[in-house]
Amino acid sequence: MTAAVGPRLGLDGAAAGSRGHRRPPARMLGLAAGPRARSVAAVVAAASSQATGGVTPVPSRSNRSVIKRHTLSVFVGDESGMINRIAGVFARRGYNIESLAVGLNKDKALFTIVVSGTDKVLNQVVEQLNKLVNVIKVVDLSKEPQVERELMLIKINAERDKLPEIMGLVHIFKAEVVDLSDDTLTIQVTGDPGKMVAIQRSLSKHGIKEIARTGKIAVRREKMGETAPFWRFSAASYPDLEMAIPSTSRLSTRVDAINQNSSESSGGDVYPVESYESFSANQILDAHWGVMTDGDPTGFCSHTLSILVNDFPGVLNVVTGVFSRRGYNIQSLAVGPAEKEGISRITTVVPGTDESIAKLVHQLYKLIDVYQVQDFTHLPFAARELMIIKVAANAAARRDVLDIAEIFEAQKVDISDHTITLQLIGDIDKMVRLQKMLEQYGICEVARTGRVALLRESGVDSNFLRGFSLPV
């Protein structure tokens with residue numbers, strides 16, 4: 001009954017006097033009838049036509065009401081259930097996360113989230129994220145020039161007579177082949193989201209079987225000169241950039257606050273597979289394909305799961321809720337569009353035994369919006385990650401940094417007078433070793449995706465090729 005009262009009051013006016021008196025029609029009020037009303041309307045229309053060149057002006061929409069795509073960088077301290085709580089903030093407000101990439105730097109995690117919405121509502125979401133206990137900083141990178149990259153593994157049908165045409169497209173888009181079988185081809189491609197769409201459209205005529213995308217990661221482009229955000233940080237590494245450096249700078253205080261207690265692990269959702277201090281010794285979990293390096297009688301290892309879900313607001317919160325309620329930690333997480341419209345692929349790495357992961361897969365299949373769950377752990381599969389790292393480097397050290405980047409096959413994506421930004425593709429072993437080599441120069445920012453993986457149709461398991469010499 002309450003719902004019926006509102007419209008009746010809106011049609012009849014406020015309280016309308018009595019039930020027997022109705023509101024008079026528009027023509028009885030003189031709004032559209034009578035020569036005087038028509039003459040006034042004609043004068044207003046003529047004035048507006050002369051002012052706008054014969055075109056009736058359209059009321060301008062407020063910038064705060066325009067729906068835009070936003071890239072949020074959320075820097076958090078790792079703790080149990082953090083992914084589920086951050087996804088819940090967007091789910092409660094009806095935001096659909098277009099892509100999500102969770103990277104790790106020691107015991108701190110960096111969420112790169114792409115959502116679409118108005119500025120007003122998005123500001124409310126940012127305020128809600130800042131209220132979470134372990135959230136250190138939230139930045140909307142869409143308002144500044146940025147370096148944005150995304151990694152995609154795409155598996156297509158490759159007939160022998162069509163293979164030269166496909167390889168031509170691979171060369172044009174600067175992609176790389178990671179697996180080849182009798183009738184399929186798996187490639188990796190890196191670039192901005194527009195490049196991802198372009199190569200997907202070009203290869204669609206050959207038949208796309210599977211797609212795994214990391215989601216976008218972004219780092220702001222560094223400005224030139226002393227107004228740059230990391231100028232004082234770079235000057236601390238290279239005193240010749242600036243003669244006098246204040247001892248109490250806001251940047252150094254913020255960096256110290258972020259890096260304090262970095263050696264302590266909180267055992268949360270996302271944590272490092274290897275220790276940065278003792279990388280080559282005491283590895284708990286294998287960094288490559290989820291198999292223990294020296295064996296474990298309990299069978300505890302990393303499991304790579306590929307989950308196809310329905311793309312709707314809140315589905316990530318539902319899926320991560322299953323992990324959170326059952327006490328599973330998440331080593332890696334990547335969310336992006338799949339090969340079919342309206343379907344998303346979640347690639348995650350979860351430690352556990354075969355029996356416990358089988359129970360987890362069974363629980364995931366009970367969710368209505370989950371279409372398929374695959375455990376790649378004991379199957380041959382191709383896995384990749386993407387990292388963007390900004391390093392402090394002046395003119396004297398720039399050549400050394402570029403030489404290290406060339407050894408690791410990292411690409412240069414941005415440069416300023418005091419920093420260099422590099423892009424690297426590979427496994428977590430490669431990421432950690434490059435970061436370790438560049439620590440002596442001073443690392444300003446790091447943005448990493450989670451692992452994406454697809455099954456190798458060729459059946460070649462590179463896990464068995466590690467450590468074995470090939471015959472000459």
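Here is a chat between a student and a tutor about this predicted model.

Student: Let's start inside. How many cavities of 30 Å³ or more are there?
Tutor: A cavity here is a set of points where a 1.4 Å probe fits but cannot get out. Going by that rule and keeping those of 30 Å³ or more, the count is three.

Student: How much space lies in the second largest cavity?
Tutor: This cavity has a lining of 17 residues. The space in the second largest cavity comes to about 130 Å³.

Student: Which elements give two or more residues to the lining of the second largest cavity?
Tutor: If you want to find the spot, the lining residues nearest the centre are N96, I97, F312, V315 and L316. The elements that supply two or more lining residues are α3 (82–92), α9 (315–325) and β12 (343–352).

Student: How many residues in the lining of the second largest cavity are nonpolar?
Tutor: Sort the lining by class and you get one charged residue and four polar ones. The nonpolar count is 12.

Student: Let's look at β12 again. Is T348 buried or exposed?
Tutor: T348 sits in strand β12. The cut-off for buried is under 20% relative accessible area. T348 has a relative accessibility of 2%, so it counts as buried.

Student: How far apart are the C-alpha atoms of T348 and T304?
Tutor: Along the chain, T348 and T304 are 44 residues apart. In space, their C-alpha atoms are separated by 5.9 Å.

Student: Where is G81 found, and which residue 248 residues away along the chain has its C-alpha atom 8.3 Å from that of G81?
Tutor: G81 is in the loop between β1 and α3. At 7% relative accessibility, G81 counts as buried. The partner, with 8.3 Å between the two C-alpha atoms, is N329.

Student: What about L72: how far is it in space from L100?
Tutor: L72 belongs to strand β1 (residues 68–77), and it counts as buried because its relative accessibility is 0%. L72 and L100 are 28 residues apart in sequence. From C-alpha to C-alpha, the distance is 9.7 Å.

Student: Now the charged side chains. How many salt bridges does the structure hold?
Tutor: To count, a side-chain nitrogen of Lys or Arg has to be within 4 Å of a carboxyl oxygen of Asp or Glu. The structure's total is 19.

Student: E339 and R345 meet in a salt bridge. Which of the two is buried?
Tutor: Their side chains come to 3.1 Å, N to O. E339 has a relative accessible area of 23%, so it is partly exposed. The buried one, at 2% relative accessibility, is R345.

Student: Why are K359 and E355 separated by about one helical turn?
Tutor: Their side chains meet in a salt bridge of 4.0 Å, N to O, and both K359 and E355 are exposed. As for the spacing, they are separated by about one helical turn because they are four residues apart in helix α10 (residues 354–365).

Student: Which residue forms a salt bridge with E439?
Tutor: E439 is partly exposed, with a relative accessible area of 33%. The closest N and O atoms of this bridge are 3.9 Å apart. The partner is partly exposed at 44% relative accessibility, and it is K436.

Student: Which residues are joined into one network by salt bridges that share partners?
Tutor: You've already met two of them, E339 and R345, as a bridged pair. The network is made up of K155, E210, E339, R345 and E457.

Student: On to the backbone. Which phi does K174 have?
Tutor: Most residues other than glycine have a negative phi. K174 is found in the loop between α5 and β6 (176–180), and it is exposed, with a relative accessible area of 71%. Although K174 is not a glycine, its phi is positive, about 55°.

Student: And where is E409, which also has a positive phi?
Tutor: E409 isn't a glycine either, and its phi is about 60°. At 64% relative accessibility, it counts as exposed. Its place is the loop between α11 (395–407) and β15 (411–415).

Student: Last one: which residues form the nonpolar patch on the surface with about 230 Å² of accessible area together?
Tutor: One member lies in helix α5 (residues 163–172), namely M167. M167 counts as partly exposed because its relative accessibility is 35%. The full patch is M167, V177 and L180.

Notes
Residues numbered from 1 in each chain as written. Predicted model: local features only at pLDDT ≥ 70, side-chain atom pairs only at ≥ 80, totals over all residues. Heavy atoms only, no water. 1 Å grid on protein atoms, 1.4 Å probe; cavity = no way out; pocket = protein on both sides within 12 Å on 5 of 7 lines; lining within 4 Å. Points joined across faces, edges and corners; volume = space filled by probe spheres on them. Nonpolar A, V, L, I, M, F, W, Y, C, P; charged D, E, K, R; others polar. Patch = residues over 30% accessible without salt bridge, like charges linked within 9 Å, V, L, I, M, F, W, Y side chains within 5 Å. Areas by Shrake-Rupley, 256 points an atom, 1.4 Å probe, with all protein chains shown as cover. Buried < 20%, exposed > 50% of the residue type's maximum accessible area, 1.4 Å probe, protein only.
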